[in-house]
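Visitor: I should like to take a close look at a single part of this model. Please describe that part carefully, and then set it in its surroundings.

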Amino acid sequence: MNSFSDAPSDSATTCPHLVALEQAFGSLESSLFRGQQRVVVPAANSFAALGLLKDRGFDLLVDVSCVDYLEYRGAKHRYGLVYLLASTTSPDRLTVRVFADDPEPTVASVVPLWEAANWLEREVWDLFGIHFTGHPDLRRLVMPEAFTAHPLRKDYPLQGRGERHNFPVITRDHS
Amino acid sequence: MSIAPAEFDAPPERRSEDYLWTLNFGPQHPATHTTLRLVLKLEGERVVDAMPEMGYLHSGFEKIGEHLTFNQYVTVTDRMNYISPMANNVAWHHAVEKLLGIELTPRCTFIRTIIAELARISDHLLCNGAVGLDTGAFTFFLYAFYQREVIYDIFETLCGARFTNSYTRVGGVSQDMTPLVIEKIRSFLKTFPKTLDDMERLLNRNRIFVDRTKGVGVLTKAEAINRGATGPVARASGVTRDLRRDEPYLAYADLDFQVCCASAGDCYARYLVRMQEMRESLKIVEQALEKLPGGPINVGIDQRTALPTKKQVYSTIEGTISHFELSMSNRGFEVPCEESYAAIEAPNGELGFYIVGDGEDAAYRARCRPPSVLHFAMFPHLIRGHTLSDIVAVLGSLNIIAAELDR
């Protein structure tokens, strides 16, 4: 059966991983939604915090993704990165949020911690234009190399900006 | 079989590269199965390095997810991992229901469990069948595909579509399981183990197949965790993680099954894990059919998500109002301004959706966590040092589906 009931609100302070994070980086904003524990880490500390969590047993990086909060009501930052951590030895999960802003959204790469982040960060760079410092090979992943926009940003229209029509056509004579 | 570079006049650092061949594998190649590209550096027949490239099928599924409602988007999830679309449907609406906080009816959870497991069987059949085909076992492939056809037939009887099912809805499923469907599943449960025995006899000790897959593409446990492997790929490397057991969703907590693992981490281990998982899936389907509870398939009209039945619409005022509101573009669901992630154990690995809700009945952001991306990213690591002909075995055993890869 699905069970999405929230634990009591004071469990945020009892989560041992959060306590360890707060000891290292001061007080952090955290929340619980449908049993999912989330914590916001300042961008300056993101690498150290994720490294600490890796040492605490979150050995599996499930996903790195991003949300563009441009049109989101009450959002304070433009981009919110989502690091989904899990463990192969315990059922713990933790969602780490790191926020970045224009004009140069930059976050430290976690490829030194998890090789899994390599392509995931490339995808975020490709679709959102978040720059990952320390990434070994930050190229576009799904869009063509010559593409200039970052299409999952909210200011990019659903039907594109006409790139499709301006795509170079290879004719039989020039193939 | 390295050629001694002494005969080259080039300086040593260039010389080592000079006799390497660059070979373009794909994007259109029978063994890539779908559209993906590998740029290989070869030394004779040995692969020195591989550079995978993807994006040929990128169609902006995540962008589309921000413009389609939660019910409409299920048709797009069909097209992600199109060899087990039912599992994607279940994954998508599992995540949506977590965001909306909907508890499914018992019958719905069991129906979804059954179809998710049937999807797993059909996915593993294709994956293992294709590995067999690429390594020269054509009969094995035909055995596998015949059984896939039977599962398609079950799905067609269930919801009218063989391939792109779009079966689930927010808070339920589109069609109830009829006695005919149950009968077809039962007859599949009876005949399939025999085929599975035959298939195992064909390949498990087949000298050619074992030689081509054993020790090829070895993924150690530490590397599997570090590189984010999930599903059969991780379990073949000794990672005992299975969301069905570790974070029981749907009806898995009530069912008895085992998590299949191996320790070798090579293509042969991945093949064995998938074969064994099909047997476990059969067990799950059998138990779920036995325990299949009665009752409604959709949540009640008080939840305001699933369309009420015709009888409710015509005979109760609540039904009429609910039907009217769900059909209006400015009404619909009550979506919290929150975000959540929910994942299921898809045939390929952990398939999850990170959904951001902003009060509208379309997602503000619908991130799909595709297992194929992480598996394809580790491909160069697995193929280095092996021969050109091993590529098809490794690619096949990772079960990379380009539509899920690119989205």
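Guide: The account below starts with one helix and then moves outward from it.

The model is predicted: local features need pLDDT of at least 70, side-chain atom pairs count only at pLDDT 80 or more, and totals for chains, interfaces and linings use all residues. Residues are numbered from 1 along each chain as its sequence is written, while chains are lettered from A and ligands numbered from 1 in the order in which they are written.

The part chosen is helix 6 of chain B, residues 138-159. Helices (H or I, at least four residues) and strands (E, at least two) are DSSP runs, numbered from the N terminus. The expected span of a helix is 1.5 Å times one less than its number of residues. For the 22 residues of helix 6 of chain B this gives 32 Å, and the C-alpha atoms at its ends are 31 Å apart, so the two values agree.

The next point is which residues of the helix face inward. A residue is buried if 20 or more other C-beta atoms lie within 10 Å of its own, exposed if 12 or fewer, and partly exposed in between, with C-beta atoms placed from the backbone. The buried residues of helix 6 of chain B are B:F140, B:F141, B:A144, B:Q147, B:I151, B:I154, B:F155, B:L158 and B:C159. Because they cover an arc of only 135 degrees around the axis, they are on the same side of helix 6 of chain B; the arc is that of the directions from the helix axis to the C-beta atoms. The spacing of such residues has a general background: an α-helix has 3.6 residues a turn, so residues three or four places apart point the same way. On the other side of helix 6 of chain B, the residues B:F138, B:Y146 and B:E149 are exposed.

The buried residues of helix 6 of chain B are covered by elements that include helix 4 (85-100), helix 5 (106-134) and helix 7 (179-203) of chain B. Contact here means that the C-beta atoms of two residues, placed from the backbone, lie within 7 Å. After helix 6 of chain B comes B:G160, which has a positive phi, near 90 degrees.

One of the covering helices leads on to a sheet. Helix 4 of chain B lies across strand 6 and strand 7 of chain B and runs at about 40 degrees to strand 7 of chain B. Axes are lines fitted to C-alpha atoms, for helices over the stretch in contact, and angles run from 0 to 180 degrees between N-to-C directions. The sheet is open, has three strands in the order 6-7-8 of chain B, and pairs in the antiparallel sense; two strands pair if DSSP finds at least two bridges between them. Strand 6 (339-346) and strand 8 (365-369) of chain B are at the edges with a single partner strand each, so one side of each has no neighbour in the sheet. On average, neighbouring strands of this sheet are turned by 15 degrees against each other, direction ignored. Strand 6 of chain B and strand 7 (349-356) of chain B are antiparallel and joined by eight bridges, and B:Y341 stands opposite B:Y354 in strand 7 of chain B.

Chain B has another open sheet of three strands, with the order 1-2-3 and antiparallel pairing. Its edge strands are strand 1 and strand 3 (46-53) of chain B, each of which pairs on one side only. Neighbouring strands are turned here by 20 degrees on average, direction ignored. Five bridges hold the antiparallel pair of strand 1 and strand 2 of chain B, where B:T22 stands opposite B:K41 in strand 2. The loop between strand 1 (21-25) and strand 2 (37-43) of chain B contains B:T35. This residue counts as partly exposed because it has 17 C-beta neighbours inside 10 Å. Leaving aside residues up to four places away in sequence, B:T35 touches B:P27, B:Q28, B:Y56, B:L57 and B:A402.

Finally, chain B also meets chain A: 40 residues of chain B are in contact with 31 residues of chain A. On the side of chain A that touches chain B, the elements giving two or more residues are strand 3 (60-68), strand 4 (79-86) and helix 4 (117-128) of chain A. Strand 3 of chain A gives the most, with six residues.
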